[in-house]
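Student: Please take me through one part of this protein at close range. I would like the sheet, strand by strand, with the residues that stand out.

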Amino acid sequence: MQTEFGRTDRGETVQKIALQKGALSVDILTLGAVLHSVRLAGVKHDLSIGQGSVTDYQGDMRYHGSLIAPVANRISGARAVIAGQTHRFE
């Protein structure tokens with residue numbers, strides 16, 4: 001399911017995409033693929049530290065929950081070799 005989460009300071013709409021498989025559910029924001037929420041059935045609290053508004057993600061927490069950050073500097077020359085196959089990127 002996809003819902004509007006808010007707007008950036010530039011007026012861009014940020015969507016929240018909810019995914020679920022079995023007992024696990026996650027919410028991902030379209031603001032740089034931010035992992036916003038992770039929930040497990042039977043656990044009363046969220047397993048992540050998501051923020052309540054887009055503004056929170058544009059300040060000091062701008063990289064919090066970002067899915068791309070851990071691998072961004074590992075891709076050079078706009079290509080990566082995965083399982084022996086070269087993948088090219090824009």
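Tutor: What follows is a close look at the sheet, set within the whole chain.

This is a predicted model, where local features need pLDDT of at least 70, side-chain atom pairs count only at pLDDT 80 or more, and totals for chains, interfaces and linings use all residues. Residues are numbered from 1 along each chain as its sequence is written, and side-chain values use heavy atoms, with hydrogens and water left out.

Start with the whole chain. The protein has 2 helices and 6 strands. Helices (H or I, at least four residues) and strands (E, at least two) are DSSP runs, numbered from the N terminus. From that end, the order of elements is β-β-β-β-α-α-β-β.

Now the sheet. It is open, with 4 strands in the order 1-2-3-4 and antiparallel pairing. Strand 1 (2–7) and strand 4 (34–40) are the edges, each pairing on one side only. From one strand to the next, the twist averages 20°. Angles run from 0 to 180 degrees between N-to-C directions; axes are lines fitted to C-alpha atoms, for helices over the stretch in contact. Two strands count as paired if DSSP finds at least two bridges between them. In general, strands of a sheet pair through backbone hydrogen bonds, either parallel or antiparallel.

Take strands 1 and 2. They run antiparallel and are joined by 5 bridges. Thr3 has Lys16 in strand 2 as its bridge partner. The two strands form a hairpin with 5 residues between them. In that turn, Gly11 has a positive phi of about 90°.

A salt bridge links the side chains of Arg10 and Glu12, at 4.0 Å from N to O. The term means a side-chain nitrogen of Lys or Arg within 4 Å of a carboxyl oxygen of Asp or Glu. The structure holds 1 salt bridge. Arg10 counts as exposed because its relative accessibility is 73%. Glu12, at 42%, counts as partly exposed. The cut-offs are under 20% relative accessible area for buried, over 50% for exposed, and partly exposed in between (1.4 Å probe, protein chains only).

Next comes strand 3. Strand 2 (residues 13–21) pairs with strand 3 (residues 24–29) in the antiparallel sense, over 6 bridges. Lys21 stands opposite Leu24 of strand 3. Leu24 is partly exposed, because its relative accessibility is 40%. Together with Leu40 and Leu47, Leu24 makes a nonpolar surface patch of about 250 Å². Patches take residues with over 30% relative accessible area and no salt bridge; like charges are joined within 9 Å, nonpolar side chains (Val, Leu, Ile, Met, Phe, Trp, Tyr) within 5 Å. Areas come from the Shrake-Rupley method with a 1.4 Å probe, and for residues only the protein chains shown count as cover.

Leu29 also lies in strand 3. Leu29 counts as buried, because its relative accessibility is 1%. Leaving out residues up to four places away in sequence, Leu29 touches Phe5, Val14, Gln15, Lys16, Val34, His36 and Tyr57. Contact means heavy atoms within 4.5 Å. The C-alpha atoms of Leu29 and Gly6 are separated by 9.9 Å, with the two residues 23 apart along the chain.

Last, the totals. Of the 90 residues of the protein, 20% count as buried. The accessible surface comes to about 6,700 Å², and 53% of it belongs to carbon and sulfur atoms. Among contacts between residues at least 6 apart in sequence, 22% join residues at least 24 apart.
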